[in-house]
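Q: Please take a close look at one part of this chain. Start from a single residue and follow the surroundings from there, in plain terms.

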Amino acid sequence: MAIFKPEMKSSGGGNKFMGVCEMGISSFIDKSADFDWCDLLLEAEVHLKDSEYPKRLAIKGDYEKDAAGNISGGYVLNRMYRFFEAIGCTAGINLKGEFETSEGEVIPDIAQYLNDNHTNSGIPGTTPEMTHVGYVYKRQNTKTKKVYTEVYTRLYPNTEKGKTELEEYIKWMKTNNYLKEYTEVGGDTDGDGVQVAAEADSNF
């Protein structure tokens, strides 16, 4: 019987699963009803190229509402619609907070709708195609001081142009203090390292 040896992954400098990474979406889950601290919490499970461990991309936040209770804006909507545009989704939210198709049909389960129409996995449970590039970084919870690995909500096509545009966008975000990353050692980590990041609420 032949000897089996698992593939040895490179341990060269840097972490290839941080920063700009190729990725694909395998599934969605809507956790909005599970928490009272936000109106929307929509998660996408993404797989990074050559990584065995999926990451979570979370679009979360509150809607801005007028005196009548109708949705009037909010940074979370901007993030959601930019994400939807990146994955080719034309659905959206009406004034009452219900998801609808572009034809005006109510979507009772947005996660199921996205799973049916906007994942990169041909077969459930398989590794998706790496159709996008995204930014993976460390985020620190300002209250608990724990550090988490997150995927930023802005995706780009997995092309040389897409990678360049993402790099320029992240550089702009950092320059304008919308995305802050630190190299300080401190606080509890999730085991992925000591690099800490904090993300400010923004329309971007």
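**A loop residue and the helix before it**

A: N177 sits in the loop between α3 and β11 (179–182). The model is a predicted one. N177 has a phi near 65°, which is positive, and N177 is not a glycine. In general, most residues other than glycine have a negative phi. As for solvent, N177 is partly exposed, because its relative accessible area is 45% and the partly exposed range runs from 20% to 50%. In the order of the chain, N177 comes just after α3.

That leads to the helix itself. α3 is built from 16 residues, and the distance from its first C-alpha to its last is 23 Å. At 1.5 Å a residue, 22 Å would be expected, so the computed span of α3 is close to the expected one. Which residues of α3 are buried? They are G162, L166, Y169, I170 and M173. Looking down the axis of α3, these buried residues fall within an arc of 95°, so they line one face of the helix. A general point about helices helps here: an α-helix has 3.6 residues a turn, so residues three or four places apart point the same way. On the other side of α3, the exposed residues are E160, K161, E168, K171 and T175.

One of the buried residues of α3 is Y169. Its relative accessibility is 9%, so Y169 counts as buried, the limit being 20%. Y169 also takes part in an aromatic pair. There are 8 aromatic pairs in the whole structure. In one of them, Y156 and Y169 are 6.4 Å apart from centre to centre, with 50° between the planes, and the pair is tilted. This pair links distant parts of the chain, since Y156 is in strand β10 (residues 156–157) and Y169 is in helix α3 (residues 160–175), 13 residues apart. Y156 is buried too, because its relative accessible area is 13%. Y156 and Y169 belong to one aromatic cluster that also takes in Y135, Y137 and Y152.

Y156 leads on to H132, since Y156 is among the residues that H132 touches. H132 is part of strand β8 (residues 132–140). With a relative accessibility of 9%, H132 counts as buried. Its side chain makes a polar contact of 2.8 Å with the side chain of T131. Leaving out residues up to four places away in sequence, H132 touches C21, E22, M23, A86, I87, N120, L155, Y156, P157 and N158.

I87 in that list belongs to α1, where it is one of the buried residues. The others in α1 are V76, L77, R79, M80, F83 and F84. Seen down the helix axis, the buried residues of α1 fall within an arc of 165°, so they line one face of the helix, as they do in α3. α1 has 13 residues and spans 19 Å from first C-alpha to last, close to the expected 18 Å. The residue that follows α1 is G88, with a positive phi near 80°.

I87 is also one of the residues with the most contacts inside the largest nonpolar core, together with F83 and F84. That core has 31 residues. At least two of its residues come from each of β1 (19–30), β2 (40–48), β3 (55–61), α1 (75–87) and α2 (110–117). α1 gives the largest share, 6 residues. As a general rule, nonpolar side chains in soluble globular proteins tend to be buried together. F83 shows the contacts in detail: apart from its neighbours within four places in sequence, F83 is in contact with I25, F28, A44, L57, I59, T153 and L155. Apart from this core lies another one, of 10 residues, and among them are V133, Y135, M173 and L179. M173 brings the account back to α3, where M173 is one of the buried residues.

Notes: Residues numbered from 1 in each chain as written. Predicted model: local features only at pLDDT ≥ 70, side-chain atom pairs only at ≥ 80, totals over all residues. Heavy atoms only, no water. Core = buried A, V, L, I, M, F, W, Y, C linked by side-chain atoms within 4.5 Å. Buried < 20%, exposed > 50% of the residue type's maximum accessible area, 1.4 Å probe, protein only. Helix = DSSP H or I, 4+ residues; strand = E, 2+ residues; numbered from the N terminus. Contact = heavy atoms within 4.5 Å. Arc of directions from axis to C-beta. Polar contact = N/O pair within 3.5 Å; in protein donor to acceptor, adjacent residues only side chain to side chain. Phe/Tyr/Trp six-rings, centres within 6.5 Å; stacked < 30°, edge-to-face > 60°.
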